[in-house]
Amino acid sequence: MSNIRAIRGMNDILPDETPSWQALEQSVRSLLSSYGYGEIRLPIVERTELFKRSIGEVTDIVEKEMYTFDDRNAESLTLRPEGTAGCVRAVIQQGLLGTPQRLWYSGPMFRYERPQKGRQRQFHQIGVEAFGIASPDIDAELILLTARLWRSLGLADSVELELNTIGNSASRQAYREALVAYLQQREEQLDEDSQRRLHSNPLRILDSKNPATQALLNDAPALSDYLDDESKQDFSSLCGFLDAAGLSYRVNPRLVRGLDYYNKTVFEWVTDRLGAQGTVCAGGRYDGLVEQLGGKATPGIGFAMGMERLVLLLSEVAQSQPASSAADIYVVAAGDEATRVALAAVEPLRDALPKHRIVQHLGGGSFKSQLKKADKSGAELALIWGDDEVLAGNCTVKFLRTAGDQHTVAVAELAAFVSAALA
RNA sequence: GUGGCCGUAGCUCAUCAGGUAGAGCACCGGAUUGUGACUCCGGAGGUGGCGGGUUCGAGACCCGUCGGCCACCCCA
């Protein structure tokens, strides 16, 4: 097989799939706009250092999942594995942090992982970030905004909100030590992966899928016992906001996130309808990150949603959609002369009917084969030019969805006739 | 990085003690010398992922390799 193929895990999105992408993107755009969020467009490539310093040196993403390369100037660059780091870099660099900012962005992200359902090496996210608001009311706004999105997409019954607070870095540090102390005594009972994580990222053991490990955790120290007062208070305010808004959620004390910059509020929207990759949208607060990347101390919070997963979920949930048509009007012309006349006659028609899809048959072929294409296109009307029409200055208008109905129309009256027919 | 399943026509799949391939859909043409859908007739399209091995003979068996899917891991 010498044909060049796409890179593994980097998929083409074909014309029959792009309509659902466009519909999803449109819903998200108008929703974000209605909450006053502004779009920011960011580079796909950043200095490797940015991701190391924000995501964390010992995370899986940085250790083994980044597409990293040296450019011609011997600088280490990386295809972004997530969006927050670049967004934070931009707001610092561009001096946007004088006032609170509500921002969103979209585009491809890259992680070198084994592809599977709902996971690819190039995937697409829409990310939302809010800077400069320390109080948990912004946490609530972001969550309510996502809930509204699920409602408008018809996904409200397919997703669940999981919520937790992981405290500030000091309380998390104290908890980590307690957890490690507890688990080290029972190290031989841990599954292999968790034994490894015990030394690299012990908090991740909390959401291990291994049942024995989960059982072991029942008697482990609880993160909630180590939380700082502010985190506890903010979390209960957040829950209060959500309760008041009538939004249901599940507090999951074992929900932790894989990126180092998170603190306090973390949340995940999950579904059980996508196989193993059930997280459709996730995020949390990252109050120290701006400062850590060299900006003035500014609180931040954000989330990202996985577009592929949402598109998949929408197709799982959707009742069979009606077959979409490719055209409203299909133009048939047999012969060079007729093609020339038709091409010219259709231009004013496009002026008159800018919202309709007018597809002209090109490449020749018999009336029969062209009409066959017209039918397949799903068009309502076929406009037909042959020698007779050309001579008489007419066009034959054929209704394809009603039996045998066809009219001879003068080209001068074509626009009026067609717009009346399609009204 | 690990594991399981899979790789035959554009698509979905079949066939078979191992004797060099077939259907449906799609495509093209005809039945209608200028007219689609339904029907009928015909046609084109495959070095059976690739490379080795066993065999008189392999798409079928064995090994390797590449690719796909799903899961672990990780995460959106």
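**Entry 1: terms and ground rules**

I take a cavity to be a set of points, on a 1 Å grid over the protein atoms alone, where a 1.4 Å probe fits but cannot get out, and its lining residues have an atom within 4 Å of a point. Grid points are joined across faces, edges and corners, and a volume is the space filled by probe spheres set on the points. I note that this is a predicted model, in which local features need pLDDT of at least 70 and side-chain atom pairs count only at pLDDT 80 or more, while totals for chains, interfaces and linings use all residues. Residues are numbered from 1 along each chain as its sequence is written, chains are lettered from A and ligands numbered from 1 in the order in which they are written, and side-chain values use heavy atoms, with hydrogens and water left out.

**Entry 2: cavities**

I looked up the cavities of 30 Å³ or more and found two. The second largest holds about 40 Å³ of space. I listed its lining as Leu 42, Pro 43, Glu 46, Phe 51, Arg 80, Glu 82, Gly 83 and Gly 86. For classes, I count Ala, Val, Leu, Ile, Met, Phe, Trp, Tyr, Cys and Pro as nonpolar, Asp, Glu, Lys and Arg as charged, and the others, Gly among them, as polar. That lining then has three nonpolar, two polar and three charged residues.

The largest cavity has about 60 Å³ of space. Among its lining residues I noted Ala 134, Asp 139, Phe 235, Lys 264 and Arg 285. Two elements, α9 (229–244) and β9 (263–270), give two or more residues to this lining; helices (H or I, at least four residues) and strands (E, at least two) are DSSP runs, numbered from the N terminus. α9 gives the largest share, three residues. By class I have three nonpolar, four polar and four charged residues in the lining of the largest cavity.

**Entry 3: RNA strand B**

I looked up which residues surround RNA strand B, where near means that a heavy atom of the residue lies within 4 Å of the strand. There are 50, and the closest are Gln 125, Arg 197, Arg 204, Asp 388 and Leu 400. They divide into 12 nonpolar, 12 polar and 26 charged. α13 (367–376) is one of the elements that supply at least two residues of this surface, and α13 has the largest share, eight residues. Of the strand's atoms within 4 Å of the protein, 57% belong to sugar or phosphate and the rest to bases.

I then checked polar atoms against base nitrogens of the strand. A polar side-chain atom of Arg 119 lies 2.6 Å from one, and a polar side-chain atom of Gln 120 lies 3.4 Å from one. For Leu 400, a polar backbone atom is 2.4 Å from a base nitrogen.

**Entry 4: helix α4**

Helix α4 (residues 84–93) is largely enclosed by the rest of the structure, because seven of its 10 residues are buried (buried is under 20% relative accessible area, exposed over 50%, partly exposed in between, with a 1.4 Å probe and protein chains only). The buried residues include Cys 87, Val 88 and Val 91. Their cover includes β2 (45–47), α2 (48–55) and β5 (101–110). After α4 comes Gly 95, with a positive phi near 65 degrees.

**Entry 5: Val 180**

I found Val 180 in helix α6 (residues 169–184). Val 180 counts as buried because its relative accessibility is 17%. Leaving aside neighbours within four places in sequence, I list Leu 198 and Pro 202 as its contacts, meaning heavy atoms within 4.5 Å. Val 180 and Ala 297 are 117 residues apart in sequence and 31 Å apart in space, C-alpha to C-alpha.

How values were computed. 1 Å grid on protein atoms, 1.4 Å probe; cavity = no way out; pocket = protein on both sides within 12 Å on 5 of 7 lines; lining within 4 Å. Polar contact = N/O pair within 3.5 Å; in protein donor to acceptor, adjacent residues only side chain to side chain.
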